[in-house]
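Colleague: Please take a close look at one part of this model, and walk me through it residue by residue. Tell me also how far I can trust what I see there.

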Amino acid sequence: MSRTNFTSLSVFSLLVVLLLSGCSNGALYIKQLVPHAADVFARTFINDIANGDITAALNLMNPEVRDDSTRAGLEVAERTLKRNGKIIRIELIKFINSKAYLTKKNKKTFLRYQVQLEKGYVHATAL
């Protein structure tokens, strides 16, 4: 192997190691970018559903989507969560805060969580 190839391989290997070592802090990096109020809102919404407080969850939603079908959907989500046990951990796994979710009033934040329960996992999305 020539010295040039060895040097290129060494630099590439170093970059891979640096990239992989940074992956363990990915969740921390995402958490720093997420607006605190949006994260608190989403976690409150998930906990309200898990605790069976459907009215509180509905009150967090925009008035134009509060109807019987939305309530029914939240009740199905509540039963799914209860069937799988208590919440152990809620982990943010995806975050988008872009112009794709921009409205006339404000910028929308897309958050996806992995909810660890006693008997499994579910994913929850908040927009």
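Modeller: Start with a definition: helices are DSSP runs of H or I, at least four residues long, and they are numbered from the N terminus. On that numbering, R66 sits in the loop between α4 and α5, the latter covering 68-83. Let us take this loop residue and the helix that follows.

Trust comes before detail. This is a predicted model. The protein chain has a mean pLDDT of 76, and 65% of its residues reach 70 or more. Confidence is highest in helix α4, residues 54-60, with a mean of 94. Helix α1, residues 3-23, is where confidence is lowest, at a mean of 43. Over residues 2-24, pLDDT stays under 50. For that stretch the model has two contacts beyond four places in sequence. Where pLDDT is low, the predicted coordinates should not be read in detail. I leave that segment alone.

Now the frame. The protein chain holds five helices and three strands. From the N terminus on, the order is α-α-α-α-α-β-β-β. The protein chain has 127 residues, and 24% of them count as buried. Take its contacts with a separation of 6 or more: 49% of them join residues 24 or more positions apart.

Back to the loop between α4 and α5, and to R66. Is R66 buried or exposed? The relative accessible area of R66 is 36%, so the residue is partly exposed, between the 20% and 50% limits. What does R66 touch, once neighbours within four places in sequence are set aside? The partners are L58, N59 and M61. Two backbone oxygens lie by polar atoms of the R66 side chain. The backbone oxygen of M61 is 2.7 Å from one such atom. For the backbone oxygen of N59, the distance to a polar atom of that side chain is 3.3 Å. There is a C-alpha distance to add: R66 and T55 stand 9.9 Å apart, with their positions eleven residues apart in sequence.

Next, helix α5 itself, and T70 within it. T70 has 18% relative accessibility and therefore counts as buried, the limit being under 20%. The T70 side chain reaches the backbone oxygen of V65 at 2.5 Å. Leaving out residues up to four places away in sequence, T70 touches L58, M61 and V65. Compare the lists: L58 and M61 are partners of R66, and L58 and M61 are also partners of T70.

Further along α5 comes E78. E78 is a buried residue because its relative accessibility is 14%, which is under 20%. Its contacts, with residues up to four places away in sequence left out, are I49, G52 and I54. One of these, I49, belongs to the set in α3 that meets α5.

That brings in the helix pair. Two packed helices are described by the angle between their axes and the distance between the axes. For helix α3, residues 36-50, and α5, the axes come within 8 Å and cross at roughly 75°. An angle from 65 to 115 degrees counts as roughly perpendicular, so α3 and α5 are roughly perpendicular to each other. Which residues meet there? On the α3 side they are F45, I46, I49 and A50. On the α5 side they are L74, A77, E78, L81 and K82. By class, this contact has seven nonpolar, no polar and two charged residues.

Follow α3 away from that contact and look at R43, in the same helix. R43 counts as partly exposed because its relative accessibility is 25%, and buried would need a value under 20%. Residues up to four places away aside, R43 touches I90, L92 and Y113. Its C-alpha is 9.2 Å from that of A126, though 83 residues separate the two along the chain.

One last stop, in strand β1, residues 87-96, where I96 is placed. I96 counts as partly exposed, at 24% relative accessibility. The C-alpha atoms of I96 and L111 are 6.7 Å apart, across 15 residues of chain.

To sum up the part you asked about: R66 is partly exposed in its loop, T70 is buried and E78 is buried. E78 is also among the α5 residues that meet α3.

Technical notes. Residues are numbered from 1 along each chain as its sequence is written. This is a predicted model: local features need pLDDT of at least 70, side-chain atom pairs count only at pLDDT 80 or more; totals for chains, interfaces and linings use all residues. Side-chain values use heavy atoms; hydrogens and water are left out. pLDDT is the predictor's confidence in each residue, from 0 to 100. Helices (H or I, at least four residues) and strands (E, at least two) are DSSP runs, numbered from the N terminus. Contact means heavy atoms within 4.5 Å. Buried means under 20% relative accessible area, exposed over 50%, partly exposed in between (1.4 Å probe, protein chains only). A polar contact is a pair of N or O atoms within 3.5 Å; within protein, one must be able to donate a hydrogen and the other to accept it, and residues adjacent in sequence count only if both atoms are side-chain atoms. Axes are lines fitted to C-alpha atoms, for helices over the stretch in contact, and angles run from 0 to 180 degrees between N-to-C directions. Angles under 35 degrees count as roughly parallel, over 145 as roughly antiparallel, 65 to 115 as roughly perpendicular and the rest as oblique. Ala, Val, Leu, Ile, Met, Phe, Trp, Tyr, Cys and Pro count as nonpolar, Asp, Glu, Lys and Arg as charged, and the others, Gly among them, as polar.
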